[in-house]
Amino acid sequence: MNKFKRILIRWHYLLIMFVCASVVVFVYLQDILPLRRELISGREQREQLRQQLQKLYYQETSLEEKMAKLPETKIMLNEWQKKFIKYSDSDKLLKEIIAVSKRDHLQIKSLNSSALGRENDYLKQSFKIVLEGDYQQVAHFIGQLGNLPWTVVIGSFSLSRLLSDAGQLFSGELEFSVYYLNR
């Protein structure tokens with residue numbers, strides 16, 4: 001019986017160990033495993049938040065740099081906008097273009113303008129001028145047009161040689177646009 005008692009004790013011992021192991025596994029699966037998943041999820045969230053915070057920090061730094069440059073940018077914008085002609089002064093511009101052509105000894109064969117149109121926050125008017133003169137005179141005229149105190153955007157130009165007894169005579173066709181601040 002002694003042997004039987006020892007075997008029975010061993011079986012009780014194994015049964016207790018099995019029950020304890022089952023309880024530990026059950027508790028692990030029910031309580032600890034979800035907490036572990038939550039911990040991993042929390043770490044991932046923390047990393048994402050850290051990256052977002054770092055991105056915001058760099059954006060803030062960039063924004064501060066841009067804000068520091070804002071007064072300088074405003075001054076540049078004001079200076080740039082001063083070069084736009086007022087619509088009421090468009091006659092001055094055309095008179096100046098005609099005067100430049102006369103100073104360069106060019107003959108204006110035609111000067112046409114298109115209808116006034118809107119482009120972004122400005123009014124735009126395109127012009128087409130046909131001139132005759134020698135090569136140097138036409139080139140100088142284009143340079144003078146670019147040096148006017150107003151913004152004049154040269155779109156395209158062409159130059160063709162004319163047959164003449166007087167020497168080298170060229171016909172220049174020039175398209176340019178003028179931007180106005182207001183009407």
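**Aromatic pairs, strand pairing and an unusual phi**

In this predicted model, the count of aromatic pairs comes to 3.

User: What makes Tyr 135 and Phe 170 an aromatic pair, and why is the pair called edge-to-face?

Analyst: The ring centres of Tyr 135 and Phe 170 are 5.8 Å apart, and rings pair if their centres lie within 6.5 Å, so the two count as a pair. Their planes make an angle of 65 degrees, and because an angle over 60 counts as edge-to-face, that is the term used for this pair.

User: Which parts of the chain does this pair tie together?

Analyst: Tyr 135 belongs to helix H3 (residues 135-146) and Phe 170 to strand E5, so the contact ties together parts that are 35 residues apart in sequence.

User: Why is Phe 170 called buried, and what is Tyr 135 called?

Analyst: Phe 170 has a relative accessibility of 11%, and since buried means under 20%, Phe 170 counts as buried. Tyr 135 has a relative accessible area of 45%, which falls between the limits of 20% and 50%, so Tyr 135 is described as partly exposed.

User: How do you know that strand E3 is largely enclosed by the rest of the structure?

Analyst: Strand E3 covers residues 122-133, and 9 of its 12 residues are buried, so the strand is largely enclosed by the rest of the structure.

User: What makes E3 and strand E5 a pair of strands, and in which sense do they run?

Analyst: Pairing requires at least two bridges, and E3 and E5 (residues 169-180) are joined by 11 bridges in the antiparallel sense, so the requirement is met. Within this pairing, Phe 127 stands opposite Phe 176 in E5.

User: Which bridges join strands E1 and E2 to E3?

Analyst: Strand E1 (residues 107-113) runs antiparallel to E3 and is joined to it by 6 bridges, with Ser 113 opposite Phe 127. Strand E2 (residues 117-119) is also antiparallel to E3, through 3 bridges, and Arg 118 has Leu 123 as its bridge partner. The hairpin of E2 and E3 has 2 residues between the strands, and Asn 120 in this hairpin takes a positive phi near 55 degrees.

User: What makes the phi of His 105 worth noting?

Analyst: Most residues other than glycine have a negative phi. His 105 is not a glycine, yet its phi is positive, at about 60 degrees. The residue lies in the loop between helix H2 (90-103) and E1.

User: Why is His 105 called exposed?

Analyst: The relative accessible area of His 105 is 62%, and because exposed means over 50%, His 105 is classed as exposed.

Note on methods. Residues are numbered from 1 along each chain as its sequence is written. This is a predicted model: local features need pLDDT of at least 70, side-chain atom pairs count only at pLDDT 80 or more; totals for chains, interfaces and linings use all residues. Side-chain values use heavy atoms; hydrogens and water are left out. Buried means under 20% relative accessible area, exposed over 50%, partly exposed in between (1.4 Å probe, protein chains only). Helices (H or I, at least four residues) and strands (E, at least two) are DSSP runs, numbered from the N terminus. Rings of Phe, Tyr and Trp (its six-membered ring) pair if their centres lie within 6.5 Å; planes under 30 degrees apart count as stacked, over 60 as edge-to-face and the rest as tilted.
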